[in-house]
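Biologist: I'd like to learn how to read a fold like this one. Can you walk me through it, starting with the strands?

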Amino acid sequence: KLLVIGDKFYAGTNGGLYYYDKLSKKWKLEFGHSSLQVNGIKELNGEIFIGTNQGAFRKKNNSWAQIMTNRSLHNIGSDRKNIYAMTYSELFVSSDNGATWHSDQKGMPDGMYTFQVVEKDNTVLAGQWDGVYIKTAPQGWTLSNKGLPLNFPVLEIVFTSDFIVAGSSQWSKE
């Protein structure tokens, strides 16, 4: 995973979180160790969050702390207020920067994990194994696949000024 936050360029790797040091023109370890697989990076309210094979971590005031244990994350996402932890079996949300977590799977299929959670113009979207879901809080999520083939796995959602692109690993002739 790659992300630019402020003037720093971060890379999540199979051996920790790195940043590119412009002065030395080298990658430097920001956080982690050789067995920490960083699968997602997000910034929310000036803090950095990472989703890893060993849970979720948060950087606050130049100090890293684990905020979710006993779960392997394949990604981490955010909207304006919440951080989302994407495990391999369930989506979790925290509205207090990771101090507490609760399941946010309502409306999505059981046993299928969420690939990505993003926000655009106050609308929160999730890419799932069977399409795109829209957050309809407090009711949960609603499938919104207008224009997509049936059972289309959406691994990535990207916005432009004019439209939304749903990326997949599956090819469809539709």
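Modeller: Sure. Two strands count as paired if DSSP finds at least two bridges between them. Keep in mind that this is a predicted model. Here β5 and β6 form a hairpin with two residues between them, and Asn45 in the turn has a positive phi of about 55°.

Biologist: How many bridges join β5 to β6?

Modeller: Six, and the two strands run antiparallel. To get the register, look at Val38, which stands opposite Thr52 in β6.

Biologist: And what sits on the other side, between β6 and β7?

Modeller: Five bridges, again in an antiparallel arrangement, with β7 covering residues 55–60. β6 and β7 also make a hairpin with two residues between them. Ile48 is opposite Lys59 in β7.

Biologist: Which way do the residues of β6 point, and are they buried or exposed?

Modeller: Glu47, Phe49 and Gly51 point one way, Ile48, Ile50 and Thr52 point the other, and all are buried. Since six of the six residues of β6 are buried, β6 is largely enclosed by the rest of the structure.

Biologist: How do I read the nonpolar core?

Modeller: The general idea is that in soluble globular proteins, nonpolar side chains tend to be buried together. In this model the largest nonpolar core has 12 residues, including Tyr19, Val38, Ile48, Ile50 and Trp64. β3, β5 and β6 each supply at least two residues of that core. Leaving aside residues up to four places away in sequence, Tyr19 touches Lys8, Tyr10, Trp27 and Glu30, among others.

Biologist: Now the charges. Which residues are linked in a network of salt bridges?

Modeller: Side chains of opposite charge can pair when their charged atoms come close. The network here links Lys8, Glu30 and Lys59. Glu30 pairs with Lys8, with the closest N and O atoms 3.9 Å apart. That pair links distant parts of the chain, Glu30 in β4 and Lys8 in β2, 22 residues apart. Glu30 also meets Lys59 in a salt bridge, at 2.7 Å from N to O. Because Lys59 lies in β7 and Glu30 in β4, this pair ties together parts that are 29 residues apart in sequence.

Biologist: Are these three buried or partly exposed?

Modeller: Glu30 is buried at 16% relative accessible area, and Lys59 counts as buried at 13%. Lys8, at 27%, counts as partly exposed.

Biologist: Where does Glu47 fit in?

Modeller: The side chains of Glu47 and Arg58 meet in a salt bridge at 3.3 Å, N to O. Glu47 is in β6 and Arg58 in β7, so the pair ties together parts 11 residues apart in sequence. Glu47 is buried at 10% relative accessibility, and Arg58 is buried at 17%.

Key. Residues are numbered from 1 along each chain as its sequence is written. This is a predicted model: local features need pLDDT of at least 70, side-chain atom pairs count only at pLDDT 80 or more; totals for chains, interfaces and linings use all residues. Side-chain values use heavy atoms; hydrogens and water are left out. A nonpolar core is a set of buried Ala, Val, Leu, Ile, Met, Phe, Trp, Tyr and Cys residues joined through side-chain atoms within 4.5 Å. Buried means under 20% relative accessible area, exposed over 50%, partly exposed in between (1.4 Å probe, protein chains only). Helices (H or I, at least four residues) and strands (E, at least two) are DSSP runs, numbered from the N terminus. Contact means heavy atoms within 4.5 Å. A salt bridge is a side-chain nitrogen of Lys or Arg within 4 Å of a carboxyl oxygen of Asp or Glu.
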